[in-house]
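The following exercises introduce a protein model step by step. Each task is followed by a worked solution.

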Amino acid sequence: MNTEYKPQSVESKWQKIWQDSNIFGVSQENDKPKYYLLEMFPYPSGRIHMGHVRNYTIGDVVARYKTMAGFNVLHPMGWDAFGMPAENAAIASKIHPKKWTYENIDYMRAQLRKMGFSYDWDREIATCAPEYYKWEQLFFIQMYNKGLVYKSRAFLNWCDQCKTVLANEQVVEGQCWRCGSQVFLKEHDQWFFRITAYAQELLDDIEKLKDGWPERVLNMQKNWIGRSTGTLIRFQIEGTSEDIEVFTTRPDTLHGATFMSLAPEHPLIKTLPTGTGQEREVSDFVASTLQVDTFTRTSDLYEKEGVFTGRYCINPLTGFRMPIYVANFVLYDYGTGAVMAVPSHDQRDFDFAKKYGLEIIVVIQPEGETLDPKTMECAYEGEGVLVNSKEFNGMKNTDAMEAITKHLEAINRGSATVNFRLRDWGISRQRYWGAPIPMVYCEKCGTVPVDVKDLPVLLPENVELTGTGISPIAQIESFVNTTCPVCGGKAKRESDTMDTFVESSWYFMRYCSPHSNDKPFDRNEVQYWMPVDQYIGGIEHAILHLLYARFYTKVLRDLGYIGFDEPFQRLLTQGMVIKDGAKMSKSKGNVVDPEELISNYGADATRLFCLFAAPPEKDMDWSDKGIEGSYRFLSRLWRLVLDMKEQLISTDVSSERPPKSMEPLKRKTHQTIKKVSEDIEKRFRFNTAIAAMMELVNDLYRAKETARTPEEFSVIREAVQNLLVMLSPFVPHIAEELWDALGNREMLFRFSWPDYDPSWCEEQEATIAVQVNGKLRATITVTRDSEQKAVEARALSEANVKRFLQDSDIKKVIYVPNKIINIIAAAR
């Protein structure tokens, strides 16, 4: 072995050994408990970045530890391979997305192997492969047959940069989640997954996750699902038999409703102004409003505006003619897209009414005060007693909610209901690089699914990518023109592709059975491995991927594929990697290339720094000095073992009581085993586990200086052996090399995690605070559980204690064993 630590040669050696032996490959084993460890799979963008390195290193520590702790560990890797970046790169570079994607996969796979991650590469999947997306086409058809898929024309989020529709969950503060461009609304025909059919179950089952998921993520999902109980009220449009339906949580204010506000996307907006002379004004207002993203429209800073449609509706309790406005702050995505405006008791409605000279009627009076709409400067939104509310006058407004709802039910103008903020998942994308939607359009039979025996519907490769917002495959006649699977007549294929979040909603199940050719996966294998025991990924997926995966799991359960409700038992959301005060990104020019780190310091030093710099759920500040410090520690470890190699090889670990001089090292060894085990198992506190092992290295250096006899080196060998075992999940290459150098033949990855002896974990000494009349005057170190007389004598011998007891008589001594002694004294 080299006397100098050269990580590159060590790491390439062990990576080849691991690969040749397929040591990370697993299968079902009934004599071991299973453990499924999964990190969110990457998009093959071309190179791994430090965010990947940190995420996958965290997962690898847990996977290796659990394997050594006796679990049968599934730790797979694959590629979220469909998506817009490949298509955009193809447009810019004139290279086919398939070629671009698979070249990137090959490069990134090699990068991941260089990091020493313990992946079972035999289970590798790429979601752009027909043998993968064939099955989600099957799921689509089965969901369609069960009424969980439908097509509808609707106003949808549109990203002009990406030239595609986005689901609500993919719009972040008015911007595209992928490229950051501003999003606006555009009317489209769209396929939807009926996720709202599972809204209540998705909400209820959050309770099952509370012990394993971060509270922040669960709250984000609760808020996104957004369950509200309230009343559905029907307002008849004057002069017609049509109604406007409104969902409200405040039926107590219905008598004060004086106008109606509709969202610009509301279907009635197309017909209401007809014949009123307001057609042009309404049309122009709608067109301009739809160019503004919903985040901005609902902002408190955005000016609330509207246009009268020329029509009225009738308040069902008062008969009041309520002018109907189209308003820029009303969203069709929430409730019914219509708001009964009560300006006296809602500030937004109040501002709107003042702006457009609309009537304000007070229906709730606060206790001890009389509100006058003529003098009100703002809406009153608190509780009180109903007025101007006919037979409900004098009731507390909170009591009146149920009473008014029952009255509406009696006159057939409303009913109690539950509303969800969650909207159905729009999955159509007007892009090429995605899974084709398996539907055809027949003039005779209408819209029908592809025959299952004809799956997969293959994505054609002979396409011209333009980025115009029209699906490129719509231009390929050989793809579009087909025959109807029902009547055999002429038909046309659907040319949109599926949202790539569909692929990531079930990939974790395919890992369990990746080579299944006749079905999506083997049920027995999935039931053995699932659910995922530990899932690791970024907080940015709290609503998008994680909510979709939960929904998809419940759908596959109801389709009979699986027998469980939730996909992920435990979730860790790791923090970002920060450099120069900002998240690492190419646009900010603050990226650190993992390849350069591996070349200069080695994969182990890179892994160690990522784990040592911060707890996994916190952001990690990049530091060049930090990576250098990790490299120095590994070099120090290398020298420590090699300096004692001959003595350690010739010495066995003894079960006899160690020499007195080595008892501190023996104790430190077992305390470190306990600390590292608990930090990994219970807390994921890898940084403090590493700190404990660094302390043990320091103690070993001190012991090395004094050790002379075989009995002393036996204790050192025990410490070194256990140290290498504990280090192996963190820095596997150097740990394997030094383990092998000491004559061990079994690879560390398959070696058992060490147990600690509780009797050696107890401290033998205690530090005692010495007080005089309750004030600290000294500290002393004594043998644990010493008799009070001995501790008292030792305390009284301290010079500072003597000084404060001078000319005083001791009246009482209070002793708390192993902690404090308090001497109570009074002046003579």
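**Exercise 1. Cysteines without a bond**

Task: Determine whether Cys179 is buried, partly exposed or exposed, and establish how many disulfides the model contains.

Solution. The model is a predicted one. Step one concerns accessibility: Cys179 has a relative accessible area of 34%. Because buried requires under 20% and exposed requires over 50%, Cys179 is partly exposed.

Step two concerns bonding. A disulfide is a covalent bond between the sulfur atoms of two cysteines. The cut-off applied here is a sulfur pair within 2.5 Å, and by this rule the count comes to 0 disulfides. For Cys179, the nearest cysteine sulfur belongs to Cys159 and is 3.6 Å away, and Cys179 is in no disulfide.

Step three repeats the reasoning for Cys445. The closest cysteine sulfur, in Cys487, is 3.7 Å from that of Cys445, which is too far for a bond. With 28% relative accessibility, Cys445 also counts as partly exposed.

**Exercise 2. Two helices side by side**

Task: Describe how helix H19 and helix H24 are oriented, and state which residues meet.

Solution. First, locate the helices: H19 covers residues 624–643 and H24 covers residues 732–741. Their axes come within 11 Å and cross at roughly 5°. Angles under 35 degrees count as roughly parallel, and H19 and H24 are therefore roughly parallel to each other.

Next, list the contact. On the H19 side stand Leu634, Leu637, Trp638, Val641 and Leu642, and these meet Ile734, Glu737 and Leu738 in H24. The residues of this contact divide into 7 nonpolar, no polar and 1 charged.

**Exercise 3. An antiparallel sheet and its helix**

Task: Give the strand order of the open sheet that contains S3 and S7, and identify which strands form its edges.

Solution. The sheet has 4 strands in the order S4-S3-S7-S17, with antiparallel pairing. Its edge strands are S4 (164–166) and S17 (425–426), each of which pairs on one side only. Within the sheet, 11 bridges join S3 (residues 149–159) to S7 (residues 183–193). One of the residue pairs is Lys151 with its bridge partner Trp191 in S7. Helix H5 (residues 130–145) packs on this sheet, where it touches S3 and S7, and its direction makes about 80° with that of S7.

**Exercise 4. A hairpin and a further partner**

Task: Work out how S11 is joined to S12 and to S8.

Solution. Begin with S12 (residues 321–327), which is antiparallel to S11 and joined to it by 6 bridges. Phe308 stands opposite Tyr325 in S12. The two strands form a hairpin with 6 residues between them, and Gly319 in the turn has a positive phi of about 75°. Then turn to S8 (residues 227–237): 2 bridges join it to S11 (residues 306–314), and these strands also run antiparallel. Here Gln236 stands opposite Ile314 in S11.

**Exercise 5. A mixed sheet and an enclosed helix**

Task: Find which strands stand at the edges of the sheet S27-S26-S28, and state how many residues of helix H18 are buried.

Solution. The sheet is open, has 3 strands and shows mixed pairing. S27 (582–583) and S28 (620–621) stand at the edges with a single partner strand each, so one side of each lacks a neighbour in the sheet. S26 (residues 577–579) pairs with S27 in the antiparallel sense over 2 bridges, and Ile578 stands opposite Lys583 in S27.

For H18 (residues 603–612), 9 of the 10 residues are buried, so the helix is largely enclosed by the rest of the structure. Among the buried residues are Asp604, Arg607 and Phe609.

**Exercise 6. Backbone details in loops**

Task: Locate the cis peptide bonds that join Leu455 to Pro456 and Met530 to Pro531, then examine phi at Phe684 and Asp807.

Solution. The bond between Leu455 and Pro456 is cis, with omega about 5°; Pro456 lies in the loop between S20 (446–449) and H13 (477–480). The bond between Met530 and Pro531 is likewise cis, with omega about -5°; Pro531 is in the loop between H15 (523–529) and S24 (534–538).

Phe684 is not a glycine, yet its phi is positive, near 55°. Phe684 sits in the loop between H21 (663–683) and H22 (686–706) and is buried, at 12% relative accessible area. Asp807 has a positive phi of about 60° and lies in the loop between H27 (799–805) and S31 (808–816). With a relative accessible area of 53%, Asp807 is exposed.

Notes:
Residues numbered from 1 in each chain as written. Predicted model: local features only at pLDDT ≥ 70, side-chain atom pairs only at ≥ 80, totals over all residues. Heavy atoms only, no water. Axes fitted to C-alpha atoms, helices over the stretch in contact; angles between N-to-C directions. Parallel < 35°, antiparallel > 145°, perpendicular 65-115°, else oblique. Contact = heavy atoms within 4.5 Å. Nonpolar A, V, L, I, M, F, W, Y, C, P; charged D, E, K, R; others polar. Pairing = 2+ DSSP bridges. Buried < 20%, exposed > 50% of the residue type's maximum accessible area, 1.4 Å probe, protein only.
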